[in-house]
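Student: I am new to this structure and should like a close look at a single part, the interior of the protein chain. Please explain which residues belong to it and what lies around them.

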Amino acid sequence: MQLTRQTALLFVLNFLDAIFTIYWVRNGFAEEGNRLMASLLEMGDMPFLSVKIFAGAAAAFVLSHWGHYKVARYGLTLALGAYLGLMAIHFFTGLSALGIVSNTTIDKFTRFSDLVFAVFI
């Protein structure tokens with residue numbers, strides 16, 4: 001089973017996550033939650049973006065060679081779900097940055113999502 005479209009979508013979502021993260025962090029709307037990536041971002045945009053692109057390319061390579069395994073399909077589905085969740089976070093960050101959604105609404109959403117994830121962990 002070819003996973004070309006799904007793998008390309010994962011790569012695009014990874015790239016968009018990098019671009020949005022750089023924008024939000026540089027403009028003071030958010031902080032990078034991953035310590036390793038935050039330290040790369042402190043070095044500059046290019047080290048951060050290079051590592052993100054390399055990680056996305058490595059994932060695409062692995063999926064293109066071993067995508068026929070069931071575990072690869074499950075992993076891809078899980079990764080796409082995680083990145084779609086990240087896109088929702090970027091969306092709400094944008095709404096907050098534009099003043100459309102208040103910080104208290106974001107805090108309530110964050111507490112609710114923490115409770116939902118606590119059920120699964």
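Tutor: A nonpolar core is a set of buried Ala, Val, Leu, Ile, Met, Phe, Trp, Tyr and Cys residues joined through side-chain atoms within 4.5 Å. Buried means a relative accessible area under 20%, exposed means over 50%, and partly exposed lies in between, with a 1.4 Å probe and protein chains only. The model is predicted, so local features need pLDDT of at least 70 and side-chain atom pairs count only at pLDDT 80 or more, while totals for chains, interfaces and linings use all residues. Residues are numbered from 1 along each chain as its sequence is written, and side-chain values rest on heavy atoms, without hydrogens or water.

The setting comes before the core. The protein chain has five helices and zero strands, where helices (H or I, at least four residues) and strands (E, at least two) are DSSP runs numbered from the N terminus. Read from the N terminus, the order of elements is α-α-α-α-α. Along the principal axes, the C-alpha atoms occupy a box of roughly 45 × 35 × 25 Å. Of the 121 residues in the protein chain, 26% are buried. Contact means heavy atoms within 4.5 Å; among contacts between residues at least 6 apart in sequence, 64% connect residues at least 24 apart.

The largest nonpolar core consists of nine residues: Leu 3, Leu 10, Leu 13, Leu 63, Ala 72, Leu 76, Leu 80, Tyr 83 and Met 87. Helix 1 (4-26) and helix 4 (70-97) each provide at least two of its residues. The greatest share comes from helix 4, which gives five residues. Another core, of seven residues, lies apart from this one and includes Ala 18, Leu 40, Phe 48 and Leu 49.

Within the largest core, Tyr 83 deserves particular attention. With neighbours up to four places away in sequence left aside, Tyr 83 is in contact with Leu 10, Leu 13, Asn 14, Asp 17 and Lys 52. Leu 10 and Leu 13 are themselves among the nine core residues.

Two of the other partners of Tyr 83 can be followed further. Asn 14 belongs to helix 1, and Asn 14 counts as buried because its relative accessible area is 5%. Beyond its neighbours within four places in sequence, Asn 14 has contacts with Lys 52, Ile 53, Gly 56 and Tyr 83. Asp 17 is likewise placed in helix 1, and its relative accessibility of 8% makes Asp 17 buried. With residues up to four places away not counted, Asp 17 touches Lys 52, Tyr 83, Leu 86, Met 87 and His 90. Lys 52 therefore appears among the contacts of Tyr 83, of Asn 14 and of Asp 17, contact being defined by heavy atoms within 4.5 Å. The C-alpha atoms of Asp 17 and Leu 95, by contrast, are separated by 16 Å, with their positions 78 residues apart along the chain.

Leu 3, another member of the core, leads to a loop. His 68 is located in the loop between helix 3 (45-66) and helix 4. Between His 68 and Leu 3, the C-alpha atoms are 8.3 Å apart in space, although the two residues are 65 apart in sequence. His 68 is partly exposed, because its relative accessible area is 48%.

Aromatic residues supply further landmarks. The structure contains four aromatic pairs; rings of Phe, Tyr and Trp (its six-membered ring) pair if their centres lie within 6.5 Å, and planes under 30 degrees apart count as stacked, over 60 as edge-to-face and the rest as tilted. Tyr 23 and Trp 24 make an edge-to-face pair, with 5.1 Å from centre to centre and 70 degrees between the planes. Trp 24 is buried at a relative accessible area of 11%, whereas Tyr 23 is partly exposed at 46%. Phe 91 and Phe 92 are also edge-to-face, because their ring centres are 5.9 Å apart and their planes stand at 75 degrees. Phe 91 is exposed at 52% relative accessibility, and Phe 92 is partly exposed at 27%. In addition, Tyr 23, Trp 24 and Phe 29 make up one aromatic cluster.

Phe 109 lies in helix 5 (residues 103-120) and is partly exposed, with a relative accessible area of 37%. Its C-alpha atom is 9.7 Å from that of Phe 92, and the two residues are 17 apart in sequence.
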